[in-house]
Amino acid sequence: MCGIIGYIGKKQNVIDLLINGLKSLEYRGYDSAGIAYLEQNEIKVIKAQGKISSLEEKTKNLNVLSTLGIGHTRWATHGKPSNENSHPHRVGRVTLIHNGIIENYQELKEMLIKEGYTFQSQTDTEVVAGLLDFYLKQENDKLTILHQVISMLKGSFALGIIFDDDFNHLYAVRKDSPLILGTTSNMNFIASDIPAIIKYTNQYILLENKDIAILSEEKIQVFDENLNPVNREKLTSPVSIEEAKKAPYEHFMLKEIMEEATLLEKLYSLYGFGTPSFLEKLPDLSKYEKIHIVACGSAMYAGLVGKYMMEEYADIETNVYVASEYRYQKNFYSNKTLVIFISQSGETADTIACLRLVKQLGIDTLALVNVYGSTIAREVDKVLYLYAGVEIAVATTKAYLLQVALLSMLVYHTALAKDLLSEEEQEKIKMSILELPKILDELLKKGITYEASQILSKASDVFFLGRGIDYATSLEGSLKLKEISYLHSEAYQAGELKHGTISLIEQGMPVVTIITDERLIDKTLSNMKEVKSRGAYNILITTKDWISSDDSVDLAITVKEVNPLVQSLLIVPILQLLAYHTAKIKGCDIDQPRNLAKSVTVE
Ligand code: G6P
């Protein structure tokens, strides 16, 4: 979703600074971009629809040394992507950028129209600029004006604001949308995320909801929602400049897949998996009789893999819900219910809304989150971090893998606490886990056969099939392919296809089937034969070498067999690479697929 950067400090090439900052936020997803900066005591605004390169084209001959500027990438919500609807918006003496949605903008707009205001765009954001300008005519104290306007806004917002009568300050406010303040002794920043400012500083402050910040060249002042000055803790980001670069890989997505083995090893060692110290860091899941897992997108599919594991090994009824549905449906809780939230960004609006709802009911909550200090991480009862580092490609890979890994760790230790694992089983799982990062590393280095991607790249529809946990994994494989290669694809429970959807199978249509569960081989093979006899091209991903030669199989990818609890951690990278190479063959924009946003901060 929208990306924000703002700068105040010593004079420098502010256009470069803003545009480079925006480039490092491209992963959030956007369809237009714009900047505003101070030049000769005036605010200049430049905007361009489309990629940041269009904005660069418009600014390439400008060489401006300035002390103040704001920049924005817009992911359209109110009004189509266009120059007029791009940020920054300027009304009267106010210029601003916004991430979020102002839900009551229509009524505020009508009020301002009655006051004689006219608007150039269809956005909710321009109304906020109008409102600030309106109050600026009555009151000069910016804190008072901001406080007044915030109290009138419904919805979510992270705002960066410049007032024409105060070029010595940059103003920022946030409610339910991410915003950080980067700080140094002679430059201060606002940004949606660390990569935008990491070139200048790794020191940052997280704003609480409804905080107002006033930034000048040398200092940052923060006021809470009652306008009391507050000291928000200064944090040091672990993100390095290197992490924000994709070299030597062609795409961030490939770089992030290739990091998976190292990150898995780090996760096991940080949490001390398999050792008693692991339990100290974890909540005691054994006391719960029911678990709800709530998330969106890939995080929800990771949860589904978790459900199969939790029920099979730890004997706890576990249900998985899409966050945007969960909050409006009837849910059944008891004092033995735990709700687990999964989110890479920790800022997904629907997941946050569910967390707040569940907390209000007094139900125990736990979150698996990647981004340190994100809203979900701060508001949940207990948080377990993924330690995936920054994930820049819009389509998640390494964070998904670590979500599944962390879930398997929770399951193992819950089963242990409930005395459900024999010593022999414990030993087998521990052995498997110890060798897993090495096996994954070898698998990643070997890569996959391009032949499968070539077949997929020529198709217009693809099916993924699996049973049980393999079905859960196939959902993520199918989503990855859709996201980055724009191929229509569906994941189905292998046994269910024949109840209607099999009518779609045509000559040559690729069907990707996953078989890892020993108990389900015969049944799933029969399903492969069903689609084969209707013309499908069968691609099999399996741990059982011997079924590769079955006459229903056209192409097989075999993966080393490990303990079933962690087996999907070896299947998922294959699916990710399959999608990656298919998208590459098709020439798609792999790191920034059309229409998608990495962090969905609107409901
Ligand atoms: C977006 C992203 C997905 C992600 C989902 C949930 O749709 O494009 O890749 O899985 O949001 O995001 P979260 O940050 O909560 O994991």
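Colleague: What makes the pair formed by a backbone N or O atom of Gln-344 and an oxygen atom of the ligand a polar contact?

Modeller: Happy to explain, with the reminder that this is a predicted model. The two atoms lie 2.7 Å apart, and a polar contact is a pair of N or O atoms within 3.5 Å, so this pair qualifies. Backbone N or O atoms of Ser-298 and Ala-597 each lie 3.0 Å from an oxygen atom of the ligand, so they pass the cut-off too. Taken alone, the ligand exposes 390 Å², and the protein buries 89% of that.

Colleague: Which residues are closest to the ligand, and how many surround it?

Modeller: The ligand is surrounded by 14 residues, and the closest are Ser-343, Gln-344, Ser-345, Thr-348 and Ala-597. Helix H9, residues 297-314, supplies the largest share of this shell, with 3 residues. By type, the shell holds 5 nonpolar, 7 polar and 2 charged residues.

Colleague: Now the whole chain: how many helices and strands are there, and why is the chain called as compact as a globular protein of that length?

Modeller: The chain has 18 helices and 25 strands. Its radius of gyration is 26 Å, and the globule rule gives 25 Å for 603 residues; the two are close, so the chain is as compact as a globular protein of that length. Its C-alpha atoms fill a box of roughly 75 × 50 × 45 Å along the principal axes.

Colleague: What share of the residues is buried?

Modeller: Buried residues are 62% of the 603, where buried means under 20% relative accessible area.

Technical notes. Residues are numbered from 1 along each chain as its sequence is written. This is a predicted model: local features need pLDDT of at least 70, side-chain atom pairs count only at pLDDT 80 or more; totals for chains, interfaces and linings use all residues. Side-chain values use heavy atoms; hydrogens and water are left out. A residue is near a molecule or strand if one of its heavy atoms lies within 4 Å of it. A polar contact is a pair of N or O atoms within 3.5 Å; within protein, one must be able to donate a hydrogen and the other to accept it, and residues adjacent in sequence count only if both atoms are side-chain atoms. Accessible areas come from the Shrake-Rupley method with a 1.4 Å probe; for residues, only the protein chains shown count as cover. Helices (H or I, at least four residues) and strands (E, at least two) are DSSP runs, numbered from the N terminus. Ala, Val, Leu, Ile, Met, Phe, Trp, Tyr, Cys and Pro count as nonpolar, Asp, Glu, Lys and Arg as charged, and the others, Gly among them, as polar. The radius of gyration is taken over C-alpha atoms; the globule rule is 2.2 Å times the number of residues to the power 0.38. Buried means under 20% relative accessible area, exposed over 50%, partly exposed in between (1.4 Å probe, protein chains only).
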